[in-house]
Amino acid sequence: MGLCGCKCKERLGAARREATAVQSSSAQAQRIESPNQTTARHMYWRKANNTPQIIEALILDSLKAIRSLVENDQEPPEELFKLHNIADQDDGWIQIVNSMVQVVPIEEPLGPAVITLLLDDCPLPNKEAVLRLSHQFNLSGKNRVLRGKDPRRQRNICIVLGVLAEKLSGPSSVVVLTQGTLDFLISNLEEDVEPVVTLFSLIALEKFAQTKNVR
């Protein structure tokens with residue numbers, strides 16, 4: 001029995017060592033994967049995770065990660081790289097913007113800064129993507145938020161409009177400022193509108209006014 005027990009222990013130990021060696025070789029192979037393999041992996045991740053729920057979770061995780069950063073020279077959170085990867089495609093960029101509008105909390109002090117950071121970090125959209133986003137916003141003077149109502153979506157839309165007015169140039173900036181968008185921003189200047197929405201509407205209007213094609 002003693003000899004049998006020793007042999008079993010030896011076999012178990014050998015099996016564990018073999019499994020460890022296989023895991024080590026696999027990890028080493030992943031570390032030295034070719035550029036084509038890396039690109040394929042990123043494309044697969046982008047396609048598999050381009051859903052509203054996952055993107056909204058990444059945005060909220062980015063908000064938490066950025067809030068916890070205490071030194072400017074720290075590495076950006078991994079969530080930003082994932083969002084940047086998704087935004088390489090027009091559909092992904094539009095979904096990221098729509099998700100930011102929906103989930104960034106109004107009570108979060110870093111909310112406007114995070115929206116600006118995410119839009120600055122994402123690739124520039126083309127004119128068609130901007131036009132699609134503008135149609136999805138479907139803005140007009142009727143979209144204004146009166147005092148006492150939840151202004152999250154309208155506040156965040158105003159921030160996005162201001163960033164796009166500053167970030168885009170030429171025809172793309174004109175596409176954003178439709179008559180409906182202009183009516184929306186101007187209607188937010190009324191006294192019965194939530195002050196935070198009025199503030200970011202003024203900022204967006206000022207940035208549009210600085211755009212040569214909109215003057």
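In this predicted model, Glu166 is exposed, with a relative accessible area of 58%. That makes Glu166 a convenient place to begin, for its side chain also takes part in a salt bridge with Lys207, where the closest N and O atoms are 3.4 Å apart. Lys207 belongs to helix H11 (residues 195-209) and Glu166 to helix H8 (residues 152-167), so the pair ties together parts that are 41 residues apart in sequence. Lys207 itself is partly exposed, at 21% relative accessibility. With buried defined as under 20%, the value of 21% for Lys207 falls on the partly exposed side of the cut-off.

The search of the whole structure gives 3 salt bridges. Another of them joins the side chains of Asp91 and Arg132, with an N to O distance of 2.7 Å. Here Asp91 sits in helix H5 (residues 90-103) and Arg132 in helix H7, so this pair, too, ties together parts that are 41 residues apart in sequence. Both partners are partly exposed: Asp91 has a relative accessibility of 46%, and Arg132 has a relative accessible area of 37%.

A further salt bridge is formed by Glu78 and Lys82, whose closest N and O atoms are 3.7 Å apart. These two residues are 4 residues apart in helix H4 (residues 78-86), and about one helical turn therefore separates them. Glu78 is exposed, at a relative accessible area of 52%, whereas Lys82 is partly exposed, at 28%.

Helix H7, already met through Arg132, spans residues 127-137, and its buried residues are Ala129, Val130, Leu133, Ser134 and Phe137. Viewed down the axis of H7, these buried residues fall within an arc of 140°, so they line one face of the helix. Glu128 and His135, on the other side of H7, are exposed.

Both ends of H7 deserve a friendly glance. At the N-terminal end, Asn126 acts as a cap: one of its side-chain oxygens lies 3.2 Å from the backbone nitrogen of Glu128. Just after H7 comes Asn138, which takes a positive phi of about 50°. Most residues other than glycine have a negative phi. Asn138 is a residue other than glycine, and its phi is nonetheless positive. Asn138 lies in the loop between H7 and H8, and at 58% relative accessibility it counts as exposed.

A one-sided pattern of burial also appears in helix H10 (residues 179-187), where Gly180, Thr181, Phe184, Leu185 and Ser187 are buried. Around the axis they cover an arc of only 170°, which puts them on the same side of H10.

Leu185 leads on to the interior of the model. The largest nonpolar core holds 47 residues, and those that touch the most other members are Trp93, Met100, Leu161 and Leu185. Helix H8 supplies the largest share of this core, with 8 residues. Domain 1 (50-108) and domain 2 (124-214) both contribute residues, so the core lies between them.

The loop between H4 and H5 contains Ala87. At 5% relative accessibility, Ala87 counts as buried. The C-alpha atom of Ala87 is 9.5 Å from that of Leu119, although the two residues are 32 residues apart along the chain.

The cysteines round off the picture. Cys122 is buried at 4% relative accessibility, and Cys158 is buried as well, with a relative accessible area of 1%. Taking a disulfide as a pair of cysteine sulfur atoms within 2.5 Å, the count for the model comes to 0 disulfides.

How values were computed: Residues are numbered from 1 along each chain as its sequence is written. This is a predicted model: local features need pLDDT of at least 70, side-chain atom pairs count only at pLDDT 80 or more; totals for chains, interfaces and linings use all residues. Side-chain values use heavy atoms; hydrogens and water are left out. Buried means under 20% relative accessible area, exposed over 50%, partly exposed in between (1.4 Å probe, protein chains only). The arc is that of the directions from the helix axis to the C-beta atoms. A polar contact is a pair of N or O atoms within 3.5 Å; within protein, one must be able to donate a hydrogen and the other to accept it, and residues adjacent in sequence count only if both atoms are side-chain atoms. A salt bridge is a side-chain nitrogen of Lys or Arg within 4 Å of a carboxyl oxygen of Asp or Glu. A nonpolar core is a set of buried Ala, Val, Leu, Ile, Met, Phe, Trp, Tyr and Cys residues joined through side-chain atoms within 4.5 Å. Domain bounds come from an automatic or database domain assignment.
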